[in-house]
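This briefing walks through a few features of one protein chain, and it is best read with the structure open beside it.

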Amino acid sequence: MSRRVSDISRAVVLIGLTATVSSCNFLEKLSEVGEPPRVSRIQDPTQAANYHPVSMPMPTPSTPPSSANSLWRQGARSFFKDQRATEIGDILTVAVNINESGNLSNKTTTATSNSEAMGVPTMFGLEKSVGKVFSGASASSLASTGSTSGMSGNGTMARQEQVVINLAATVVQKLPNGNLVISGKQELRVNGDMRELSVQGIIRSEDISSLNTISSDKIAEARITYGGRGTLADIQQPRYGQQIFDLIAPF
């Protein structure tokens with residue numbers, strides 16, 4: 001009983017939260033009726049409400065020894081200044097090239113057949129009275145049960161995803177081992193729809209090319225999102241009421 005009450009309470013809270021979010025989205029969409037989606041303002045990524053500094057395992061820091069009367073420093077890779085992004089606030093280009101495809105096919109077939117029979121040849125001499133109580137019954141075949149079950153399932157999935165785009169990102173954090181945390185966002189409004197692309201992750205300065213670019217497959221802990229909002233996006237998703245019903249419906 002307590003578990004059922006807990007499930008009901010959880011469902012009520014979930015409906016309340018969904019209704020709150022839906023009302024916020026509804027008011028935002030209501031304010032944009034007759035207008036294309038608004039472009040968000042440019043701001044410091046570290047000041048965003050959902051921003052969290054990255055913390056990763058770091059090696060023990062070491063200070064390279066200095067060499068007197070020398071133009072070269074231990075660990076230096078070039079004599080002239082490197083133009084690649086190395087410090088917080090620097091900008092580099094991220095080449096997003098995602099081309100994935102997958103095919104999955106499953107087939108399951110099961111069959112089960114059970115039968116049970118029970119008789120009572122002797123039971124304190126009362127087996128002779130079975131026919132009197134149940135007309136036509138025999139003690140040797142007093143009970144019999146049988147069951148048959150089967151299941152057949154087929155599943156097939158095929159998907160193909162391709163995103164090719166270049167995006168400028170900003171270095172927002174420099175880790176103690178020299179790795180860089182980058183964050184970039186791009187918005188493109190076409191008629192009444194807004195296309196959004198965002199990239200976050202950790203990169204090594206060694207992976208940045210001489211053209212100050214880096215490919216998306218060299219980003220650790222990559223968070224790449226590509227989607228949109230607007231008229232077409234609203235049509236392609238179910239209504240809020242249907243989403244709530246599908247979420248809480250027991251069957």
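**Strand, core and loop in a predicted model**

Ser198 lies in strand β4, and it makes a useful starting point for reading this model, which is predicted. The points below take up the surroundings of Ser198, then the largest nonpolar core, and then a residue in a loop.

**Ser198**

- Ser198 counts as buried because its relative accessibility is 13%, and the cut-off for buried is under 20%.
- The side chain of Ser198 makes a polar contact with the side chain of Thr225, at 2.4 Å.
- Leaving aside residues up to four places away in sequence, Ser198 touches Leu167, Gly184, Lys185, Arg223, Ile224 and Thr225.

**The largest nonpolar core**

- The largest nonpolar core is made of 16 residues, and those with the most contacts inside it include Leu92, Val94, Val171 and Ile182.
- At least two residues of this core come from each of β1 (91-118), β2 (143-174), β3 (180-190) and β4 (193-203), while β2 gives the most, with four residues.
- Ile182 touches, among others, Leu92, Val94, Val171, Val199, Ile203 and Ile219, when residues up to four places away in sequence are not counted.

**Pro57**

- Pro57 is placed in the loop between α1 (2-31) and β1.
- Pro57 is exposed because its relative accessible area is 73%, and exposed means over 50%.
- Although Pro57 and Asn177 are 120 residues apart along the chain, their C-alpha atoms are separated by 9.3 Å.

Conventions. Residues numbered from 1 in each chain as written. Predicted model: local features only at pLDDT ≥ 70, side-chain atom pairs only at ≥ 80, totals over all residues. Heavy atoms only, no water. Core = buried A, V, L, I, M, F, W, Y, C linked by side-chain atoms within 4.5 Å. Buried < 20%, exposed > 50% of the residue type's maximum accessible area, 1.4 Å probe, protein only. Contact = heavy atoms within 4.5 Å. Polar contact = N/O pair within 3.5 Å; in protein donor to acceptor, adjacent residues only side chain to side chain.
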